[in-house]
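Biologist: I would like to learn how to read a structure like this one. Could you walk me through it, feature by feature?

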Amino acid sequence: MAAKIISGTEVAGQIREELRKEVTELKEKHNVIPGLVTILVGENPASISYVTGKQKTAKELGFYSLQDNQPDNITEEVLLGLIDKYNNDPKIHGILVQLPLPKHINETEVLYAINPKKDVDGFHPVNLGKLMIGEADYLPCTPAGVQQLLIRSNVETSGAEVVVVGRSNIVGKPVTNILLQKQKGANATVTICHTGTKDMASHTRRADILIVAAGKPKAITADMVKEGAIVIDVGVNRIGKSESGKAILCGDVDFEAVKEKAGAITPVPGGVGPMTITMLMMNTVKSAKVHAGLV
Ligand code: NAP
């Protein structure tokens with residue numbers, strides 16, 4: 001039987017509706033407007049499109065949203081000064097610096113400069129450390145989106161065998177940490193695979209829930225998946241362009257073959273992607289409430 005398709009577009013839509021109501025209530029009852037600034041350095045087309053998507057969603061939800069475009073010859077000192085300004089701006093609750101940054105700027109220094117309480121991307125080491133000990137304020141957006149997809153699709157994670165393919169700091173490691181916590185929507189037994197893993201298929205075939213973030217088109221084939229498994233495909237690979245010039249995307253999972261074997265699967269596009277921006281919005285609303293002393 002073909003797998004159920006877990007639609008990130010649909011789940012993200014539900015969460016955005018909840019956030020819209022929450023933002024209206026925050027304004028009406030507490031005069032609080034969540035504020036998000038996205039800082040874009042240079043003119044990388046992919047970065048422009050990501051930042052535009054984030055700003056568009058923030059505006060749709062009724063946020064105070066600010067896009068700060070900077071030339072790619074900006075110095076690190078000036079960029080750090082800007083971050084300091086937003087760290088101290090009471091209208092701003094979330095600061096997002098779009099990566100990658102030009103080579104002359106030290107990305108780590110820049111991310112470390114963001115006030116952890118305004119780090120709605122969840123990449124500051126303070127927030128990653130808090131995640132490790134199960135006390136996260138802000139979860140990194142893509143891993144948080146994966147967890148929400150599981151929760152809202154009624155997938156039982158407690159006691160499940162989860163296998164994560166990929167150990168990046170932005171997806172693989174944080175999603176592993178989220179799902180192994182002794183908490184609701186987690187409490188799984190998690191294995192993490194990477195390029196040093198011997199016989200990866202022997203791990204993936206054991207997975208009740210398989211999460212793939214390798215950045216390799218169709219790396220997961222049907223023979224690597226257990227019958228009935230839940231498959232979450234984080235990968236976004238550009239494999240060509242359509243006649244109209246639009247990028248053709250595919251995930252890290254061979255969707256057509258695996259959907260015949262899995263119990264449920266996320267598509268690419270329309271799976272994890274829409275969840276990422278939505279989690280950024282969720283973190284910003286949370287930050288606005290924290291700054292207003294409401295939580
Ligand atoms: P990354 O930093 O390149 O990390 C990839 C990880 O996968 C590494 O840990 C690598 O292992 C592992 N890996 C690569 N090929 C493998 C293989 N054949 N077998 C086993 N492990 C393998 O990538 P990332 O930033 O985590 O992103 C992963 C994918 O998710 C990309 O396609 C990216 O575009 C996508 N993504 C999507 C969203 C979204 O919103 N939907 C957000 C972020 C990322 P080593 O550590 O050994 O090198």
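Modeller: Gladly; we will go through domains, the core, the ligand, some buried residues and the backbone.

Modeller: This is a predicted model, in which local features need pLDDT of at least 70, side-chain atom pairs count only at pLDDT 80 or more, and totals for chains, interfaces and linings use all residues. Residues are numbered from 1 along each chain as its sequence is written, and side-chain values use heavy atoms, with hydrogens and water left out.

Biologist: Which domains does the assignment give?

Modeller: Domain bounds come from an automatic or database domain assignment. Here it gives domain 1 (31-115) and domain 2 (141-273). Taken over C-alpha atoms, their centres are 29 Å apart.

Biologist: Which residues touch the most other members of the largest nonpolar core?

Modeller: A nonpolar core is a set of buried Ala, Val, Leu, Ile, Met, Phe, Trp, Tyr and Cys residues joined through side-chain atoms within 4.5 Å. Buried means under 20% relative accessible area, exposed over 50%, and partly exposed in between, with a 1.4 Å probe and protein chains only. In this model the largest such core has 44 residues, and I211 and M281 touch the most other members. Among the elements that give two or more residues to it are α1 (8-30), β7 (209-212) and α10 (273-291); helices (H or I, at least four residues) and strands (E, at least two) are DSSP runs, numbered from the N terminus. Helix α10 gives the most, with 7 residues. The core draws at least three residues from each of domain 1 and domain 2.

Biologist: What does I211 touch?

Modeller: Contact means heavy atoms within 4.5 Å. Leaving out residues up to four places away in sequence, the partners of I211 include V146, V163, L179 and I232.

Biologist: How many residues surround the ligand?

Modeller: A residue is near a molecule if one of its heavy atoms lies within 4 Å of it. There are 21 around the ligand, and the closest are R167, S168, T195, V236 and T276. For polar contacts, look for pairs of N or O atoms within 3.5 Å; within protein, one must be able to donate a hydrogen and the other to accept it, and residues adjacent in sequence count only if both atoms are side-chain atoms. An oxygen atom of the ligand lies 2.4 Å from a side-chain N or O atom of T195, and a ligand oxygen is 3.0 Å from a polar backbone atom of V236. The protein covers 69% of the 920 Å² of accessible area that the ligand has on its own, by the Shrake-Rupley method with a 1.4 Å probe; for residues, only the protein chains shown count as cover.

Biologist: Why does T142 count as buried?

Modeller: T142 counts as buried because its relative accessible area is 18%. This residue is found in helix α6 and touches V171, V234, V272 and T276, not counting residues up to four places away in sequence.

Biologist: And what should I look for in the backbone?

Modeller: Most residues other than glycine have a negative phi, and most peptide bonds are trans. In this model, the bond from L99 to P100 is cis, with omega near 0°, and a cis peptide bond also joins V268 and P269. N187 is not a glycine, yet has a positive phi of about 60°. N187 is partly exposed because its relative accessible area is 33%.
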